[in-house]
Amino acid sequence: MRTIPKFMIAGCAMMFSGPAFATCTSEVAKDDLTDEQVVELYDCIRDSLREGYAKEGGQWTSDYPSWGETSSQPVAAGTHGNRFLITFVNETGHAEYVKFSDERGPMPAGSVLAKESFNLNKKNQVQKGPLFFMEKVAAGNADEYGNWVYSVVQPNGKPAKISQKFCHDCHGAFSDQDSMGYPDEDYRITSQ
Ligand code: HEC
């Protein structure tokens with residue numbers, strides 16, 4: 001497991017909680033879940049999660065499930081409210097992303113990264129989390145933020161009001177990785 005600096009974990013602990021989704025529950029608490037149990041919970045919530053994201057017809061919300069995967073399963077990496085996270089990358093960016101290079105130039109303009117999220121609450125019920133996006137735009141369009149445009153869709157499909165600065169203050173710390181955090185090393189998919 002990779003360790004993540006503490007300031008990053010604290011950063012967005014309470015971001016956009018979704019309603020509990022009582023039909024998907026766990027026998028054990030979040031910290032005791034095995035990888036297999038995380039996958040079972042994901043299998044349970046996935047369709048409903050995706051239906052919610054796509055409900056308002058937001059950009060990419062119905063396309064991203066067909067994009068390339070980047071990890072073998074959702075993992076709680078510590079950031080993004082310590083939710084379970086799983087990232088998909090569109091065709092423009094996927095081959096570059098899955099190099100997981102830690103010394104890289106900019107991703108191709110037009111790359112879009114989408115990250116689903118969910119959590120397990122204190123009652124061991126699955127709780128839907130937001131869908132996070134990063135879009136790489138052509139140089140000069142968002143220089144201040146590494147030419148990334150950040151956005152968030154809530155579990156009900158509505159866009160969340162976010163600050164580019166808030167997202168990039170943390171992402172920009174991954175300066176050798178073109179501001180991308182990448183999934184936990186133990187779960188990365190390098191080719192499909
Ligand atoms: C406190 C630090 C922090 C903040 C704030 C943060 N992120 Fe992240 N983000 C990470 C880390 C670390 C990862 C990689 C972990 C993972 O995906 O498993 C990541 C991954 C992502 C990814 C997947 C692509 C990648 O590898 O970087 C997207 C998309 C994303 N974040 C969007 C956002 C958006 C949108 C916001 C603002 C609403 C945001 N993030 C705020 C730390 C942060």
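Colleague: Which backbone oxygen does the side chain of Lys 136 reach at 2.8 Å?
Modeller: Keep in mind that this is a predicted model. Lys 136 has its place in strand 7. Follow its side chain out to 2.8 Å, and you arrive at the backbone oxygen of Gly 146.

Colleague: And which side chain makes a polar contact with the side chain of Lys 136?
Modeller: Setting aside neighbours within four places in sequence, Lys 136 is in contact with several residues, including Pro 106, Gly 146, Trp 148 and Asp 178. For the polar contact between side chains, look for the partner at 2.9 Å, and that's Asp 178.

Colleague: Is Lys 136 buried or exposed?
Modeller: Buried means under 20% relative accessible area. Lys 136 has a relative accessible area of 5%, so this lysine counts as buried.

Colleague: What about Gln 125, buried or exposed?
Modeller: Gln 125 is found in strand 6, which covers residues 125-128. The cut-off for buried is under 20%. Gln 125 comes in at 19%, so the label is buried.

Colleague: How far apart in space are Gln 125 and Glu 27, C-alpha to C-alpha?
Modeller: Along the sequence, these two are 98 residues apart. In space, going from C-alpha to C-alpha, the distance between Gln 125 and Glu 27 is 9.3 Å.

Colleague: Let's step back. How many helices and strands does the protein chain have?
Modeller: Read along the sequence, the pattern goes α-β-α-β-β-β-α-β-β-β-β-α. Each α there is a helix and each β a strand. The tally for the protein chain is four helices and eight strands.

Colleague: Of contacts between residues at least 6 apart in sequence, what share joins residues at least 24 apart?
Modeller: The protein chain has 192 residues, and 48% of them count as buried. Now take the contacts between residues at least 6 apart in sequence, and pick out those joining residues at least 24 apart: their share is 62%.

Colleague: Which element gives the largest share of the largest nonpolar core?
Modeller: That core has 22 residues, and Ile 45, Tyr 64, Trp 67, Phe 118, Val 126, Leu 131 and Phe 133 touch the most other members. The elements that give two or more residues to this core are helix 2, strand 4, strand 5 and strand 7. The largest share, six residues, comes from helix 2.

Colleague: How many residues are in the other core that lies apart from it?
Modeller: Among the members of this other core are Phe 100, Leu 113, Tyr 145 and Trp 148. Its residue count is 13.

Colleague: On to the ligand. Which residue has a polar side-chain atom 2.5 Å from an oxygen atom of the ligand?
Modeller: In total, 25 residues surround the ligand, and the closest are His 80, Tyr 97, Cys 167, Cys 170 and His 171. A polar side-chain atom of His 171 lies 2.8 Å from a ligand nitrogen. The one at 2.5 Å from a ligand oxygen belongs to Tyr 97.

Colleague: Which residue has a polar backbone atom 2.8 Å from an oxygen atom of the ligand?
Modeller: Here you look at the backbone, and the 2.8 Å goes to a ligand oxygen. The residue is Tyr 182.

Colleague: Which element supplies the largest share of the shell around the ligand?
Modeller: By residue kind, the shell divides into 18 nonpolar, six polar and one charged. As for elements, the largest share is four residues, and the supplier is helix 4.

How values were computed. Residues are numbered from 1 along each chain as its sequence is written. This is a predicted model: local features need pLDDT of at least 70, side-chain atom pairs count only at pLDDT 80 or more; totals for chains, interfaces and linings use all residues. Side-chain values use heavy atoms; hydrogens and water are left out. A residue is near a molecule or strand if one of its heavy atoms lies within 4 Å of it. A polar contact is a pair of N or O atoms within 3.5 Å; within protein, one must be able to donate a hydrogen and the other to accept it, and residues adjacent in sequence count only if both atoms are side-chain atoms. Ala, Val, Leu, Ile, Met, Phe, Trp, Tyr, Cys and Pro count as nonpolar, Asp, Glu, Lys and Arg as charged, and the others, Gly among them, as polar. Buried means under 20% relative accessible area, exposed over 50%, partly exposed in between (1.4 Å probe, protein chains only). Contact means heavy atoms within 4.5 Å. A nonpolar core is a set of buried Ala, Val, Leu, Ile, Met, Phe, Trp, Tyr and Cys residues joined through side-chain atoms within 4.5 Å.
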